Amino acid sequence: MGQTLTRAAQWTSVSEGGQGKLEFTPLNEALLNEIIKFAEGFASKHQQEAQTVFRSPLAWETQIAPSAFSGAYEVSDNKAVSEAKAPDGQPLLVLEAAGGKNTVSVSSFDQLSAVLKYSGDKMREARACLEANRDPAAKILGDGYATIEGEDNSMLRLLEKVKKEDGQEEGETLQATMRLLVILQQFDMQLLNMSLQHISKEVRLTPAAVNSEVKLLQSFSGDDRDKTVLKSIQYTSDYEFNNGCRAPPWRQVHGDICYVVIKPHDTDLLSVSASTAGVYINGGFEKENFSDLKHEREGEIYKDLVTLLKEKSAVFAENIAKQDFTLREDETTGNQYDIMDSGDEGDGDNTHRTNEDAKKDSKEPQKADKQKSNLKKTGKDRTPRKQPQPSLKWKNLGLGEEADEKKEEKDQIREGSAGKKEKKKVTVQESKGRVHPVIKGRKSKTPAQDQEDTFSESSTESEEEEESPDRRQEANSDLPSEYWQIQKLVKYLKGGNQTATIIALCSMRDFNLTQETCQLAIRDVGGLEVLINLLDTEEIKCKIGSLKILKEISHNAQIRRAIADLGGLQTMVKILKSPDKDLKCLAAETIANVAKFRRARRTVRQHGGIKKLVGLLDCGPLGSVPMTPEVEKDIEVARCGALALWSCSKSTKNKQAIRKAGGIPLLARLLKSSHENMLIPVVGTLQECASEQSYRLAIRTEGMIEDLVTNLRSENQVLQMHCASAIFKCAEEKETRDLVRQYGGLDPLVSLLDKSDNKELLAAATGAIWKCAISPENVERFQELKAIEKLVSLLQNQPEEVLVNVVGALGECAQEPQNRMSIRKAGGIPPLVNLLTGTNQSLLVNVTKAVGACATETENMTIIDRLDGVRLLWSLLKNQNPEVQASAAWAICPCIENAKDAGEMVRSFVGGLELIVSLLKSEHKEVLASVCAAIANIAKDEENLAVITDHGVVPMLAKLTNTTDDKLRRHLAEAIARCCMWGNNRVAFGEANAVAPLVRYLKSPDESVHRATAQALFQLSRDPENCITMHNAGVVKLLLDMVGSTDEALQEAAAGCIGNIRRLALANEKAKYP
């Protein structure tokens, strides 16, 4: 196992004074599962070797209590000892509880399997064991068998010992050791092979492979929908670097190879990024001239372009399966046009150019006409640009404010140079409408080697602070007396000795630094520069005084930005390594205040601040030692560190850095604290990080759900709010929802609904209830707690963020018939229908789902119809949001099924049928599936079926039959089956080539697809031409297998279709042989 743990397992970085931890990754989880299976089954497979005593025991901190052991163990209140003993008389297992810790020591595989048997969480136990014993083989067999790099001769040495040993007993011991070594090495090799297979599944594309695939697809592109797979596929840049990449250098460091624009026959333009990790849809272009590419990934990563296009384009999937192409040899290289990503390459300065670039420029006149013709083909009325030259200026870019804010904050760049004004040895640089004071002579705080990371900041995080105007006191305005007094104190700070400086700092603290006037006065008179410079001194008192002032005034947004501009964050990060605990506390708290905007958070990470802040969390065990002033100070340091990490964790990159620095186990330990001022920043950090799947897994496996539930019962509403928010995010997984129920978390969540005056707490609690209600077992508990009635009472006079969660929870609860009745009795139907007139998109998605669920009850449907709810649902089909359209269409289905006179009701909506048929042109599969389901219900009424037939429903449905999505297939087949009931629709479906694709649906693994398809084929088989098409497509063999299904509807439809085909065949035989 040593080689696997060393080479394959993924570890966090080693923190100061600690050791690395196993990361929460799929590979590590797979390795741990294999190791657990190996240890559990070792005693039964290798009985003799399981009794072999380890040279040194494996010891680690465990969650198992001594009382958990029974049988062949001597158990007391704080100790459990095995009756089995080593030859020297020492027990093979010892578990001791002391100082709040449980430590277990194991000396054989037999006892190791017993530990896993009595463990409540095997994964956590195995993780703790391996983290404490990084090289198990060295402990089991001795230091001579430790994992080493290079050639391992331990087996040869052991063989030599066996040959030389004369004593029978010693010889048997060595033979057992040899067998154990062979078993461990074989298992180590097995783990390495498994790791290799796991890693080999990760796609690693090369520029050559991407280029070949693009050229191949270009050769099979054109306007002929039946003979080509795509309309066009083009690079966004014609310039190719020496390494084969077309992405700009600053994106190549992230693995990007190139960007292509693809126009399929049946969907909108696709903007695709190709990287070494695979290909994926990016955010597209911000402007019509194809500049400012959004590099953020949208959706999953595919192994190649063909796989992506099969998923995104039904026509591509169909044509690629036919393998019937027309090769365009004359256009393989001629239809590319030039797109420059000027927003990403810098400021457009192309003065640094190579000789090859100059040669390429000389060929530009010859290419101009060709580019113009290509632009006409693409429909873009743009003047072709010159061949794009790589701006090498990126090599010399520092991490100044221009580069940082240009990429990360997306501010509008103002051209021209701003005036410079000197004031008290300070140069004020006007850049982008904001003032950045920089002290002369001060060294740059941002090293050039961090340049690549500058452009890698997560763009998913929100910018909390918008640009605010730079407020300065007018020269002729009446300034308060404090302003002039602070100006005098700043002069003393600049020119006084150490004693005068300390006195000035103390005097400055006497002012009310929470007032904006005092805060801006310190900045305006140059006090910020002096305070930050004092942090570089060796005098502790000056540093503490300066940090105390900076901590107070950094609550102001403008002061925060000024501190970041002056390089104050870099100095504070250095102070985090100071031995003085007061200094570390103040520095961390100030960082927490300043890191409220993206650039500040990025600066903290780039200068190693995340790792140092995580190190502050390691304050030792809580509650196991007496509370001395020293321990209290350690706890305060950890609290301040958690506070800073809370601010920094709003960045995706910082979340990853916290995890890699080993922050998760430390946060889990602090979560068990009884100090509320400690718990609030810890839980705040966890709920921020819970947006990442790896954190949700860690929160579940590290036992933090139990602590979150415990803190829900706190009297502190801020703590309750953050705990509920964390559960809200983590409850996406079923395992977490089950744990919340098992630990009794549903009861306090429901009780929080009574605190309707605290809207933030209410939003968090209702969100957690919503996600927990996805599990039916939790809904049963909510019924017992009368949560439905409480939720209904919150449907009025609440902010939208609360309403979204309340309606979402009611929608989940309404899946149960008893709850639908409870909602009606509590008077919930009218307010739900009223919310259909809102504009919040998330609220509309949830409320349509809730109304649709309630409409499955006839009495509820009567109320909805009386309140004109169906018309409101139908009007939402005009909404531009596809999620709202789909949710509204799904809700319409039960309304039609349960309405008294559904046909007349539907016809009463002016233009309603035409509207729903037009949605069959949508490109969103969920919209298409829901509309097909609605059409299947509408078509039950003959008059409505006639109307939608006149609106062209048949050819539109026929165009969708090439889909590979099973959900769409099922409802599409149901709609086709219903539409066959009118006129010559069966013949029309056959003429529209809809029959043969339907036969392929029978190969789906989904039985509901089989049933709907068999019913559609049965209806279509009443036309002789359709029978011939089905027979040629091989439908008989597929249907014969389904005749024996336990589903009666499927049986009947399959048999009926086969019967129609057989009758046609008999009729043909009679015609031939009368």
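These legends accompany several close-up views of a predicted model.

**Overview: the chain from which the close-ups are taken.** Before we zoom in, here is the whole chain in brief. The secondary structure of the protein chain comes to 58 helices and 15 strands. Of its 1074 residues, 53% count as buried. Among contacts with a separation of 6 or more, 70% are made by residues 24 or more positions apart.

**Close-up 1: helix α9 and the elements it packs against.** Helix α9 covers residues 207-219, which makes 13 residues. From its first C-alpha to its last the helix reaches 18 Å, close to the 18 Å expected at 1.5 Å a residue. As you follow α9 along its length, look for the buried positions V210, N211, E213, V214, L217, Q218 and S219. An α-helix has 3.6 residues a turn, so residues three or four places apart point the same way. With that in mind, V210, V214 and L217 are good ones to pick out among the buried residues of α9. What do the buried residues of α9 pack against? Their partners include three strands, β6 (232-235), β7 (256-263) and β8 (270-275). Two helices, α11 (305-312) and α12 (314-322), are also packed against by these buried residues.

**Close-up 2: strand β9 with its partners β8 and β12.** Strand β9 spans residues 278-281, and both of its faces are covered. In a regular strand the side chains alternate between the two faces of the sheet. Here G278 and Y280 lie on one side of β9, V279 and I281 lie on the other, and all four are buried. The pairing of β8 with β9 is antiparallel and runs over four bridges. These two strands form a hairpin, with two residues between them. To find your place in the hairpin, start from A274, which stands opposite V279 in β9. Strand β9 is also joined to β12 by two bridges, again in the antiparallel sense. In that pairing, I281 stands opposite E298 in β12.

**Close-up 3: the second largest pocket and its lining.** This view centres on a pocket with a volume of about 1400 Å³. Its lining is made up of 45 residues, and those nearest its centre are D266, T267, K312, S313 and A314. Elements giving two or more residues to this lining are β12 (298-302), α11, α12, α49 (925-938), α51 (953-959) and α54 (995-1000). Which element gives the largest share of the lining of this pocket? That is α12, with six residues. Helices α11 and α12 may be familiar from the first close-up, where the buried residues of α9 pack against them. Sorted by class, the pocket lining has 16 nonpolar, twelve polar and 17 charged residues.

**Close-up 4: the largest cavity.** A search of the whole structure finds seven cavities of 30 Å³ or more. The largest of these holds about 200 Å³ of space. Around it are 18 lining residues, with I35, A39, L112, C129 and L130 lying nearest the centre. Two or more lining residues come from each of α2 (26-45), β1 (58-62), α4 (109-118), α5 (122-132) and α6 (136-141). How many of the residues lining the largest cavity are nonpolar, polar and charged? The lining divides into 16 nonpolar residues, one polar and one charged.

**Close-up 5: L513, a buried loop residue.** L513 sits in the loop between α19 (498-509) and α20 (516-524). Is L513 buried or exposed? L513 counts as buried because its relative accessibility is 5%, and the cut-off for buried is under 20%. Leaving aside neighbours within four places in sequence, L513 is in contact with M508, Q519, I522, I549, E552 and I553. I553 is 40 residues away along the chain, yet the C-alpha atoms of L513 and I553 are separated by 6.1 Å.

**Close-up 6: K786 and D868, two loop residues with positive phi.** K786 is found in the loop between α38 (776-784) and α39 (787-793). Its phi is near 60 degrees, a positive value in a residue other than glycine. K786 counts as exposed because its relative accessibility is 52%, and exposed begins over 50%. D868 belongs to the loop between α44 (858-866) and α45 (869-875). D868 is not a glycine either, and its phi is positive at about 65 degrees. With a relative accessibility of 31%, D868 counts as partly exposed.

Notes: Residues are numbered from 1 along each chain as its sequence is written. This is a predicted model: local features need pLDDT of at least 70, side-chain atom pairs count only at pLDDT 80 or more; totals for chains, interfaces and linings use all residues. Side-chain values use heavy atoms; hydrogens and water are left out. The expected span of a helix is 1.5 Å times one less than its number of residues. Buried means under 20% relative accessible area, exposed over 50%, partly exposed in between (1.4 Å probe, protein chains only). Contact means heavy atoms within 4.5 Å. On a 1 Å grid over the protein atoms alone, a cavity is a set of points where a 1.4 Å probe fits but cannot get out, and a pocket is an open set with protein on both sides within 12 Å along at least five of seven lines; lining residues have an atom within 4 Å of a point. Grid points are joined across faces, edges and corners, and a volume is the space filled by probe spheres set on the points. Ala, Val, Leu, Ile, Met, Phe, Trp, Tyr, Cys and Pro count as nonpolar, Asp, Glu, Lys and Arg as charged, and the others, Gly among them, as polar. Two strands pair if DSSP finds at least two bridges between them.
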